[in-house]
Amino acid sequence: MPPEMILFDCDGVLVDSEVLSVKGMTAVLNEAGIPATHAMIARYLGMKTADILATLAAQAGLAVDPALLPKIWPRTREIFAAELKPVPGVLDVLKRHPDVKRCVASSSSPERIRTSLELTGLLAYFGEHIFSSSQVEHGKPAPDLFLFAAASMGVEPKGCVVVEDSRFGVRGALAAGMTAIGFTGGSHIEPHHADLLWEAGASHVESDWAAVERRIFG
């Protein structure tokens with residue numbers, strides 16, 4: 001039996017955006033004289049941008065001016081418009097299962113989510129069923145976003161499967177009482193990443209959408 005609802009993370013699950021996102025954020029920080037690197041930012045993918053900046057300031061000792069935050073999305077949007085693609089295979093899966101309830105539950109802003117889905121031709125498969133961590137008090141790894149999405153869609157958490165590429169998302173899904181499938185099909189994934197998803201508690205970790213489809217639908 002398929003789940004009652006599938007919750008899709010956006011970045012790195014629906015759209016192959018994470019490398020591009022880091023590129024945009026790194027550029028803004030470097031131009032402000034902050035010596036952030038790709039590796040420093042990439043380890044916090046899956047969190048809200050504001051939380052990433054705060055974590056860089058706290059854990060890496062970087063003096064990050066919060067005023068830089070509104071500059072990151074415009075720069076990233078320019079990169080997305082030129083380079084963003086859907087994750088291979090996801091469009092076929094969405095087409096083959098039109099009757100299963102689904103939504104997007106992402107740490108990104110509503111504007112960024114919609115723009116990403118529009119640029120890649122995926123928006124029509126979700127309509128208004130888009131949920132952002134900006135709508136809740138605590139972002140991933142807290143369960144707030146997943147619980148908010150499920151309640152908004154009228155589905156109990158136990159009937160939900162979440163597809164996530166970050167350990168923060170997996171932890172949030174489990175804290176919400178949902179099943180979490182780890183996904184490693186994005187171009188940003190490094191060899192050790194699957195281990196992080198297993199350690200976070202993913203029930204399965206799959207490297208492509210065909211495998212995720214088989215796992216969910218049999």
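These questions and answers cover the fold and the salt bridges of a predicted model.

Q: How many helices and strands are there in the protein?
A: The model is predicted. Its secondary structure has both kinds of element. The count is 10 helices and 6 strands.

Q: What radius of gyration does the protein have, and what would a compact globule have?
A: The chain has 218 residues, so a compact globule would come near 17 Å. The C-alpha trace spans about 55 × 35 × 35 Å along its principal axes. The radius of gyration agrees with the globule value: it is 16 Å.

Q: What share of the residues is buried?
A: Buried here means under 20% relative accessible area. The protein has 218 residues. The buried share is 52%.

Q: Among contacts between residues at least 6 apart in sequence, what share joins residues at least 24 apart?
A: A contact means heavy atoms within 4.5 Å. Pairs at least 6 apart in sequence form the base of the count. The share that joins residues at least 24 apart is 68%.

Q: Which parts does the salt bridge of Arg 75 and Glu 31 tie together?
A: The two side chains meet at 2.9 Å, N to O. Arg 75 is partly exposed at 26% relative accessible area, and Glu 31 is exposed at 57%. The residues are 44 apart in sequence, so the pair ties together separate parts: helix H4 (residues 69-83) and helix H1 (residues 18-31).

Q: Are Lys 140 and Glu 164 buried or exposed?
A: Lys 140 and Glu 164 form a salt bridge, with the closest N and O atoms 2.5 Å apart. Lys 140 sits in the loop between strand E3 and helix H7, while Glu 164 is in strand E4, 24 residues apart. As for accessibility, both Lys 140 and Glu 164 are buried.

Q: Which residue is linked with Lys 140 and Glu 164 in a network of salt bridges?
A: The structure holds 9 salt bridges. Lys 140 and Glu 164 make one of them. The network also takes in Asp 9.

Q: Which residue of the Arg 215 and Glu 206 salt bridge is buried?
A: The side chains meet at 2.9 Å, N to O. Arg 215 has 44% relative accessibility, so Arg 215 counts as partly exposed. The partner has a relative accessible area of 11%, under the 20% cut-off, and is therefore buried: Glu 206.

Q: How far apart are the mean positions of the positive and negative charges?
A: The protein has 19 positive and 26 negative charges. Each set has its own mean position. The two means are apart by 1 Å.

Conventions: Residues numbered from 1 in each chain as written. Predicted model: local features only at pLDDT ≥ 70, side-chain atom pairs only at ≥ 80, totals over all residues. Heavy atoms only, no water. Salt bridge = Lys/Arg side-chain N within 4 Å of Asp/Glu carboxyl O. Helix = DSSP H or I, 4+ residues; strand = E, 2+ residues; numbered from the N terminus. Buried < 20%, exposed > 50% of the residue type's maximum accessible area, 1.4 Å probe, protein only. Rg over C-alpha atoms; globule rule 2.2 N^0.38 Å. Lys, Arg positive; Asp, Glu negative; His and termini not counted. Charge placed at Lys NZ, Arg CZ, Asp CG, Glu CD.
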